[in-house]
2 protein chains.
Amino acid sequence: MAVYTHLGAEALARLIGEYALGELISAKGIAEGVSNSNWLVETTKGRFILTMYERRIDTAQLPFFLGLLDHLAAKGCAVPATIHDRSGAAFRHVDGKAVALIEFLPGVSPSVPTAEQARSAGAAIARVHLAAKDFDGNRTNDLAPADTLAILEKCGAEKLATIDPELPAILPLASDLVAHWPQDLPGSIIHSDLFPDNVLMLGGEVSGMIDFYFACNDAMAYDLAVTHAAWCFPEGTYDAALGHALVAGYESIRSLEKTERDALPLLARGACLRFIASRAEDWLDTPPDAQVLRKDPMEFVRRWQFYDDAGREAFE
Amino acid sequence: MAVYTHLGAEALARLIGEYALGELISAKGIAEGVSNSNWLVETTKGRFILTMYERRIDTAQLPFFLGLLDHLAAKGCAVPATIHDRSGAAFRHVDGKAVALIEFLPGVSPSVPTAEQARSAGAAIARVHLAAKDFDGNRTNDLAPADTLAILEKCGAEKLATIDPELPAILPLASDLVAHWPQDLPGSIIHSDLFPDNVLMLGGEVSGMIDFYFACNDAMAYDLAVTHAAWCFPEGTYDAALGHALVAGYESIRSLEKTERDALPLLARGACLRFIASRAEDWLDTPPDAQVLRKDPMEFVRRWQFYDDAGREAFE
């Protein structure tokens, strides 16, 4: 959460001048995004989020991400549309870094979601799945279970044990999961990272979904499973009311097929595996004395265990 | 520049409920303030800046700072008024930390001010001086020259030399300055830290002055000297057009007395001394490998030398 680059008022005014957005009124660096700098910008024409891509994101993929937002916004999904510059470009460069402007959307991210909010989030993600089906961009999921298993194997059992002695036990379970991963579930473009932080709410209703930088082609039911694993454990233990509302909200827009429903427990373990791997990797990359919160991968080991124990019941 | 505290949407909505500000619409942590966390908050009644006081500021002084904003705003100065809660309180506590809400003001801070902007800033600070005269709060300047000399002496010549071999030479000059510091210049409440970052501009005009947390009772001409030293060296060297515009803008609202005019070169060296001391102290407190920009105190040693050489001419 930081603004990595100083962007002066004059440079900002010049940049805004490249868009048909009137005059710059205000700009505040905002504490969002871990690999980008972001500003909330106001002009005489409205409010916008300016993102400067600092690292991690391959700018060759920006047309995919920004085009996807345009496609979804045009179909009425609660996502910010990309603002194009006077030449029609979806992104520009400032000081050698790519920058893009998107709509500002109202709303606040819930810390402890309610069932009403989970239901609305389920419906919103289903709308994205349906709306994205005819999007003509493609992006491979580079954090599929086989990739996340490879991350954990690269960490190695010995180092994983330094995080928690029980963590290495995930390695054989993950291998087994990868071996049984379903390949033929109905697909679309999925968000694949829809934690509550990435959802804006006005009261109980979704007003915006943001941070599509993990979006990719993959199974729609996997996205529901990711969202389930991300939303339904507010205090660390499963909240059945949230889980039920999320799935019911999803199915109010798009009915799950039987193969998807049957696969959900396994897909949810795959979602847990992804967050176990990324958290373990970050943990081992972060010195213990760094002033950065290290997120415990064991939280998602416990969620894996929950899904393993509960099976289909977690999605009723 | 950071948000030090996570304030969830639910806690924020509860806090906003204590004010007559309608419903929470949006909240973004903003990258402003070095010792506070700040959020740009939107409600159905408008936009506001929420500040959580993390450290450094003695909350016993909040009634002075927040009362001053109210006093100045009521008199038409371009400062944000404090928003009082339903019980009339200017600040509240959340999780044991003091929080205050102030008005959001439009504008952007110039990186490279124009003469028009300097003129407007000079007029704005003069309006503050006049408007603050009947404010009934008092606060001692705890960064007066004697205090900043004490900071440098505490660093010690040996450590100062590790920053720059020429830095310790400031010590005897500073002692001499303190011995000759004028005690009877006309006073008011002064901002005392009006760098361009603390001024919001719409085009060439000041739309807001912020960050009054160094405000104190002191000589008005000293505040003009601080602003001169902070504004008029955009590329490190003196820009006479800026200096002239700043003083002319000030005098368009309040004429300087002869004693003030005569004292300006010395007051400006006092302003430089303050920033030399705070930068030297921060430099020595910051490990070289910390990912924080260390500001070079020698920049203000060079400005000191400029004021010593130029004398009254710098303020013509």
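Which residue of chain B comes closest to the rotation axis? In this predicted model, that residue is B:Ile30, whose C-alpha sits 2.1 Å from the axis.

**How the two copies are related**

Let's start with the symmetry. Chain B can be superposed on chain A by a rotation of 180° with 0.1 Å of shift along the axis, and the RMSD is 0.0 Å. The two copies are thus related as by a two-fold rotation axis. The contact patches tell a matching story: 100% of the interface residues of chain B are also interface residues in chain A, so the copies meet through the same surface.

**Where chain B meets chain A**

In this interface, 27 residues of chain B are in contact with 27 residues of chain A. Together the chains bury about 2200 Å², with 55% of that on carbon and sulfur atoms. If you want to know who contributes, B:Glu10, B:Lys28 and B:Val108 supply 25% of the area that chain B buries against chain A, more than any other three residues.

On the polar side, ten residue pairs are in polar contact between the chains, both residues at pLDDT 80 or more. Four elements of chain B give two or more residues to this side: α1 (9-17), β1 (24-30), β2 (36-43) and β8 (199-202). Of these, β1(B) gives the most, with seven residues. By class, this side of chain B has 15 nonpolar, seven polar and five charged residues.

**Inside chain A: two domains**

Now for a look within one copy. The domain assignment splits chain A into domain 1 (9-103) and domain 2 (115-315), and their C-alpha centres lie 27 Å apart. Their contact takes 19 residues from domain 1 and 21 residues from domain 2. About 1600 Å² is buried between them, and carbon and sulfur atoms give 73% of it. Within domain 1, A:Phe64, A:Phe65 and A:Ala78 lose the most area to domain 2, together 34% of what that side buries.

Six residue pairs are in polar contact between the domains, both at pLDDT 80 or more. On the domain 1 side, β3 (46-53) and α2 (62-74) of chain A are the elements that give two or more residues, and α2(A) has the largest share, seven residues. That side divides into eleven nonpolar, five polar and three charged residues.

**Salt bridges**

The rule finds two salt bridges across the interface of the chains and one between the domains of chain A. Here is one of the former, along with the latter:

| Salt bridge | N to O distance |
|---|---|
| B:Arg47 and A:Glu42 | 2.9 Å |
| A:Lys75 and A:Asp134 | 2.8 Å |

Key. Residues numbered from 1 in each chain as written. Chains lettered and ligands numbered in written order. Predicted model: local features only at pLDDT ≥ 70, side-chain atom pairs only at ≥ 80, totals over all residues. Heavy atoms only, no water. Least-squares fit on C-alpha atoms with pLDDT ≥ 70 in both. Contact = heavy atoms within 4.5 Å. Buried area = accessible area lost by both parts, 1.4 Å probe. Salt bridge = Lys/Arg side-chain N within 4 Å of Asp/Glu carboxyl O. Polar contact = N/O pair within 3.5 Å; in protein donor to acceptor, adjacent residues only side chain to side chain. Nonpolar A, V, L, I, M, F, W, Y, C, P; charged D, E, K, R; others polar. Domains from an automatic or database assignment.
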